[in-house]
Amino acid sequence: MGPHQAAIEELSRKDKDIKMAVEKYGMPNDRVTQGGFDTLLRMIIGQQISVKAANSVWGKMVNVNVNTPNNILTATDASLKEVGLSRQKISYSRDLAEKINSGLLNLDGIKHLSSEDAHKTLTQVKGIGDWTADIYQLFVLADMNAFPQADLAIQEGAKRFLKLEYRPSSSNLLKIAEKWRPLRGAAALVLWQIYRVEVHEGSKIN
(Lines give C-alpha, C1' and ligand atoms only; values in the text may rest on other atoms or scores of the structure.)
Protein backbone atom coordinates (compact mmCIF):
# COMPACT_ATOMS: atom_id res chain seq x y z
CA MET A 1 0.00 0.00 0.00
CA GLY A 2 1.35 3.38 -1.03
CA PRO A 3 0.95 6.80 0.61
CA HIS A 4 -2.30 7.67 -1.16
CA GLN A 5 -4.18 4.55 -0.12
CA ALA A 6 -2.72 4.69 3.41
CA ALA A 7 -3.98 8.26 3.77
CA ILE A 8 -7.42 7.32 2.42
CA GLU A 9 -7.65 4.48 4.95
CA GLU A 10 -6.68 6.86 7.75
CA LEU A 11 -9.28 9.40 6.66
CA SER A 12 -11.89 6.64 6.33
CA ARG A 13 -11.40 5.80 10.00
CA LYS A 14 -12.17 9.42 10.90
CA ASP A 15 -14.97 10.14 8.41
CA LYS A 16 -17.72 7.56 7.98
CA ASP A 17 -19.00 9.21 4.79
CA ILE A 18 -15.59 8.89 3.16
CA LYS A 19 -15.49 5.28 4.33
CA MET A 20 -18.87 4.57 2.74
CA ALA A 21 -17.77 6.24 -0.50
CA VAL A 22 -14.66 4.04 -0.67
CA GLU A 23 -16.79 0.94 -0.07
CA LYS A 24 -19.23 2.02 -2.79
CA TYR A 25 -16.85 3.31 -5.47
CA GLY A 26 -13.68 1.38 -4.70
CA MET A 27 -10.30 2.32 -3.31
CA PRO A 28 -8.49 4.77 -5.63
CA ASN A 29 -5.16 3.58 -6.98
CA ASP A 30 -1.90 4.94 -5.65
CA ARG A 31 -0.66 7.37 -8.28
CA VAL A 32 2.63 8.75 -6.99
CA THR A 33 4.73 9.76 -9.97
CA GLN A 34 8.31 10.86 -10.49
CA GLY A 35 8.82 14.60 -10.30
CA GLY A 36 11.44 17.05 -11.46
CA PHE A 37 11.91 19.61 -14.21
CA ASP A 38 10.50 17.32 -16.92
CA THR A 39 7.29 16.75 -15.00
CA LEU A 40 6.65 20.43 -14.32
CA LEU A 41 7.53 21.39 -17.88
CA ARG A 42 5.14 18.81 -19.27
CA MET A 43 2.40 20.08 -16.96
CA ILE A 44 2.94 23.59 -18.35
CA ILE A 45 2.98 22.31 -21.93
CA GLY A 46 -0.26 20.40 -21.35
CA GLN A 47 -2.27 23.39 -20.20
CA GLN A 48 -5.37 24.07 -22.34
CA ILE A 49 -4.49 21.46 -24.98
CA SER A 50 -5.34 17.77 -25.36
CA VAL A 51 -3.16 15.01 -23.95
CA LYS A 52 -2.41 13.87 -27.50
CA ALA A 53 -1.30 17.35 -28.55
CA ALA A 54 0.81 17.78 -25.41
CA ASN A 55 2.53 14.42 -25.99
CA SER A 56 3.25 15.45 -29.57
CA VAL A 57 4.86 18.72 -28.49
CA TRP A 58 6.92 16.96 -25.83
CA GLY A 59 8.09 14.33 -28.32
CA LYS A 60 9.28 17.06 -30.68
CA MET A 61 11.11 18.83 -27.85
CA VAL A 62 12.92 15.62 -26.91
CA ASN A 63 13.80 14.93 -30.55
CA VAL A 64 15.49 18.30 -30.98
CA ASN A 65 16.95 18.26 -27.46
CA VAL A 66 15.18 21.30 -26.01
CA ASN A 67 13.92 19.51 -22.92
CA THR A 68 16.54 20.66 -20.39
CA PRO A 69 16.80 24.02 -18.60
CA ASN A 70 20.02 25.04 -20.35
CA ASN A 71 18.80 24.09 -23.81
CA ILE A 72 15.48 25.87 -23.37
CA LEU A 73 17.29 29.04 -22.28
CA THR A 74 19.65 28.96 -25.26
CA ALA A 75 17.03 27.98 -27.86
CA THR A 76 15.59 30.66 -30.13
CA ASP A 77 11.95 31.65 -30.06
CA ALA A 78 11.64 30.33 -33.60
CA SER A 79 12.93 26.88 -32.68
CA LEU A 80 10.58 26.66 -29.69
CA LYS A 81 7.63 27.77 -31.80
CA GLU A 82 8.57 25.11 -34.32
CA VAL A 83 8.06 22.32 -31.78
CA GLY A 84 4.60 23.68 -30.96
CA LEU A 85 5.05 26.02 -28.01
CA SER A 86 2.94 29.18 -27.97
CA ARG A 87 4.55 32.52 -27.15
CA GLN A 88 3.07 32.31 -23.65
CA LYS A 89 4.36 28.79 -23.03
CA ILE A 90 7.81 29.78 -24.29
CA SER A 91 7.81 32.48 -21.60
CA TYR A 92 6.59 30.02 -18.96
CA SER A 93 9.14 27.36 -19.95
CA ARG A 94 12.01 29.84 -19.79
CA ASP A 95 10.90 31.16 -16.42
CA LEU A 96 10.82 27.61 -15.06
CA ALA A 97 14.27 26.90 -16.52
CA GLU A 98 15.71 30.13 -15.08
CA LYS A 99 14.35 29.45 -11.61
CA ILE A 100 15.68 25.87 -11.69
CA ASN A 101 19.14 27.02 -12.83
CA SER A 102 19.31 29.89 -10.32
CA GLY A 103 18.25 27.67 -7.43
CA LEU A 104 15.15 29.74 -6.70
CA LEU A 105 13.21 26.53 -7.31
CA ASN A 106 14.88 23.53 -5.70
CA LEU A 107 12.76 20.51 -6.55
CA ASP A 108 14.68 18.30 -4.12
CA GLY A 109 14.46 20.77 -1.28
CA ILE A 110 10.77 21.40 -1.84
CA LYS A 111 10.02 17.90 -0.57
CA HIS A 112 10.98 19.03 2.93
CA LEU A 113 8.83 22.18 3.01
CA SER A 114 5.42 22.51 4.60
CA SER A 115 2.42 22.14 2.32
CA GLU A 116 1.86 25.92 2.28
CA ASP A 117 5.52 26.78 1.63
CA ALA A 118 5.81 24.19 -1.14
CA HIS A 119 2.73 25.70 -2.76
CA LYS A 120 4.14 29.23 -2.56
CA THR A 121 7.47 28.08 -4.00
CA LEU A 122 5.86 26.35 -6.96
CA THR A 123 3.44 29.17 -7.78
CA GLN A 124 6.25 31.73 -8.01
CA VAL A 125 6.97 30.22 -11.44
CA LYS A 126 5.08 31.81 -14.34
CA GLY A 127 2.47 29.39 -15.64
CA ILE A 128 2.26 27.39 -12.42
CA GLY A 129 -1.01 28.33 -10.78
CA ASP A 130 -2.80 26.83 -7.81
CA TRP A 131 -4.13 23.82 -9.73
CA THR A 132 -0.75 22.82 -11.21
CA ALA A 133 0.97 23.26 -7.85
CA ASP A 134 -1.69 21.22 -6.05
CA ILE A 135 -1.44 18.40 -8.60
CA TYR A 136 2.36 18.32 -8.33
CA GLN A 137 2.15 18.31 -4.54
CA LEU A 138 -0.44 15.54 -4.42
CA PHE A 139 0.94 13.20 -7.07
CA VAL A 140 4.69 13.86 -6.91
CA LEU A 141 5.34 14.96 -3.34
CA ALA A 142 2.53 12.77 -1.92
CA ASP A 143 1.45 15.80 0.09
CA MET A 144 -1.80 14.51 1.51
CA ASN A 145 -3.02 17.97 2.48
CA ALA A 146 -2.86 19.29 -1.11
CA PHE A 147 -6.36 19.90 -2.41
CA PRO A 148 -6.96 20.93 -6.06
CA GLN A 149 -10.20 22.77 -5.36
CA ALA A 150 -10.35 24.24 -8.88
CA ASP A 151 -10.44 20.81 -10.52
CA LEU A 152 -13.80 20.33 -12.24
CA ALA A 153 -13.77 16.56 -11.71
CA ILE A 154 -13.26 17.02 -7.97
CA GLN A 155 -16.05 19.60 -7.89
CA GLU A 156 -18.37 17.22 -9.74
CA GLY A 157 -17.40 14.37 -7.43
CA ALA A 158 -18.11 16.62 -4.43
CA LYS A 159 -21.52 17.52 -5.82
CA ARG A 160 -22.43 13.83 -5.93
CA PHE A 161 -20.73 12.96 -2.65
CA LEU A 162 -22.55 15.75 -0.80
CA LYS A 163 -25.79 15.35 -2.81
CA LEU A 164 -25.75 19.00 -3.86
CA GLU A 165 -27.96 20.45 -6.56
CA TYR A 166 -25.09 22.39 -8.12
CA ARG A 167 -21.37 21.82 -8.46
CA PRO A 168 -19.63 23.74 -5.64
CA SER A 169 -17.34 26.64 -6.51
CA SER A 170 -13.63 26.51 -5.70
CA SER A 171 -14.06 28.72 -2.64
CA ASN A 172 -17.03 26.74 -1.33
CA LEU A 173 -15.25 23.45 -1.88
CA LEU A 174 -12.22 24.76 0.01
CA LYS A 175 -14.46 25.55 2.98
CA ILE A 176 -16.01 22.08 2.82
CA ALA A 177 -12.54 20.51 2.73
CA GLU A 178 -11.45 22.16 5.98
CA LYS A 179 -12.91 19.25 7.96
CA TRP A 180 -10.56 16.85 6.16
CA ARG A 181 -7.32 18.58 7.15
CA PRO A 182 -4.53 17.39 7.19
CA LEU A 183 -5.76 14.73 4.76
CA ARG A 184 -7.56 16.89 2.22
CA GLY A 185 -5.62 15.17 -0.57
CA ALA A 186 -7.02 11.81 0.44
CA ALA A 187 -10.53 13.26 0.21
CA ALA A 188 -9.68 14.70 -3.23
CA LEU A 189 -8.69 11.24 -4.45
CA VAL A 190 -12.01 9.80 -3.24
CA LEU A 191 -13.95 12.61 -4.96
CA TRP A 192 -12.02 11.90 -8.18
CA GLN A 193 -12.93 8.24 -7.85
CA ILE A 194 -16.63 9.13 -7.58
CA TYR A 195 -16.33 11.27 -10.70
CA ARG A 196 -14.51 8.53 -12.64
CA VAL A 197 -17.06 5.87 -11.78
CA GLU A 198 -20.25 7.90 -12.15
CA VAL A 199 -19.35 10.36 -14.90
CA HIS A 200 -16.18 9.52 -16.79
CA GLU A 201 -16.79 5.78 -17.00
CA GLY A 202 -20.50 6.39 -17.55
CA SER A 203 -21.67 3.77 -15.05
CA LYS A 204 -24.01 4.61 -12.22
CA ILE A 205 -23.89 2.69 -8.96
CA ASN A 206 -27.19 2.37 -7.14
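## Two pockets and a helix crossing

The second largest pocket holds about 260 Å³ of space. Keep in mind that this is a predicted model. Twelve, or 12, residues line that pocket, and Lys-24, Tyr-25, Arg-160, Phe-161 and Lys-163 sit nearest its centre. Looking at who supplies the wall, helix H2 (16–25), H10 and helix H12 (184–200) each put in at least two residues, with H2 giving the most, five residues. The make-up of this lining is seven nonpolar and five charged residues, with no polar ones.

Now move over to the largest pocket, where you'll find about 740 Å³ of space. Its lining runs to 22 residues, and those nearest the centre are Met-43, Gly-46, Val-51, Trp-131 and Ile-135. Helix H3 (37–45), helix H4 (51–63), H9 and helix H10 (152–161) are the elements that give two or more residues to this lining. H9 has the largest share, at four residues. By class, the lining of the largest pocket splits into 12 nonpolar, seven polar and three charged residues.

H9 is worth following a bit further. The axes of helix H8 (residues 115–123) and helix H9 (residues 130–139) come within 9 Å and cross at roughly 130°, which means H8 counts as oblique to H9. The crossing of H8 past H9 is right-handed. On the H8 side, the contact is made by Ser-115, Ala-118, His-119, Leu-122 and Thr-123, while H9 brings Asp-130, Ala-133, Asp-134, Tyr-136 and Gln-137. Sort the residues of this H8–H9 contact by class and you get four nonpolar, four polar and two charged.

Conventions:
Residues numbered from 1 in each chain as written. Predicted model: local features only at pLDDT ≥ 70, side-chain atom pairs only at ≥ 80, totals over all residues. Heavy atoms only, no water. Axes fitted to C-alpha atoms, helices over the stretch in contact; angles between N-to-C directions. Parallel < 35°, antiparallel > 145°, perpendicular 65-115°, else oblique. Left-handed = near helix turned anticlockwise from the far one by under 90°. Contact = heavy atoms within 4.5 Å. Nonpolar A, V, L, I, M, F, W, Y, C, P; charged D, E, K, R; others polar. 1 Å grid on protein atoms, 1.4 Å probe; cavity = no way out; pocket = protein on both sides within 12 Å on 5 of 7 lines; lining within 4 Å. Points joined across faces, edges and corners; volume = space filled by probe spheres on them.
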